[in-house]
Amino acid sequence: TQLQDVSMGGLPLGCTPGSSLSSHLLSIPEIAIKSDGSFSATTTDEGVLFGVPAKFTYTFSGHFHGYTSAGVARVAGGVREDVTYDNGTKYSCTSSNLSWSAHS
């Protein structure tokens, strides 16, 4: 009925007006699974990046796609991180939409 302790880190983010960074750890305690097997969560966090306040937004989604012939559950989806901060220059960073997949 739910995913628990979803975590992922190290996503590459490109920033405007220039530069790049790696994400810090995305952590979502639980995400409800809908009756059609899909799930989605967006969470935001306030923090400090390079010594200035920053806003982190994470979107994690996916869908259970049934089982393989060996009975292994298949699941896949997308993840995205967006970060904004201002250290005298306003930066907007994003991983864009990245695909992921897993099986159990």
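**Exercise 1. Work out whether Phe60 is buried or exposed, and describe its ring partner.**

Step 1. Phe60 has 5% relative accessibility, so Phe60 counts as buried. Buried means under 20% relative accessible area, exposed over 50% and partly exposed in between, using a 1.4 Å probe and protein chains only. This is a predicted model, where local features need pLDDT of at least 70, side-chain atom pairs count only at pLDDT 80 or more, and totals for chains, interfaces and linings use all residues. Residues are numbered from 1 along each chain as its sequence is written, and side-chain values use heavy atoms, with hydrogens and water left out.

Step 2. Rings of Phe, Tyr and Trp (its six-membered ring) pair if their centres lie within 6.5 Å; planes under 30 degrees apart are stacked, over 60 edge-to-face, and the rest tilted. Phe60 and Trp100 are a stacked pair, with 5.0 Å centre to centre and 10° between the planes.

Step 3. Trp100 is buried too, with a relative accessible area of 16%.

**Exercise 2. Classify the pair of Phe39 and Phe64.**

Step 1. The structure holds 6 aromatic pairs. In this one, the ring centres are 5.7 Å apart and the planes stand at 55°, so the pair is tilted.

Step 2. Now check accessibility: Phe39, at 2%, counts as buried, whereas Phe64, at 29%, counts as partly exposed.

Step 3. Put the rings together: ring pairs link Phe39, Phe60, Phe64 and Trp100 into a cluster.

**Exercise 3. Find which residues Ile31 is in contact with, leaving aside neighbours within four places in sequence.**

Solution. Contact means heavy atoms within 4.5 Å. The partners of Ile31 are Gln2, Leu3, Val6, Phe39, Ser40, Ala41 and Phe60.
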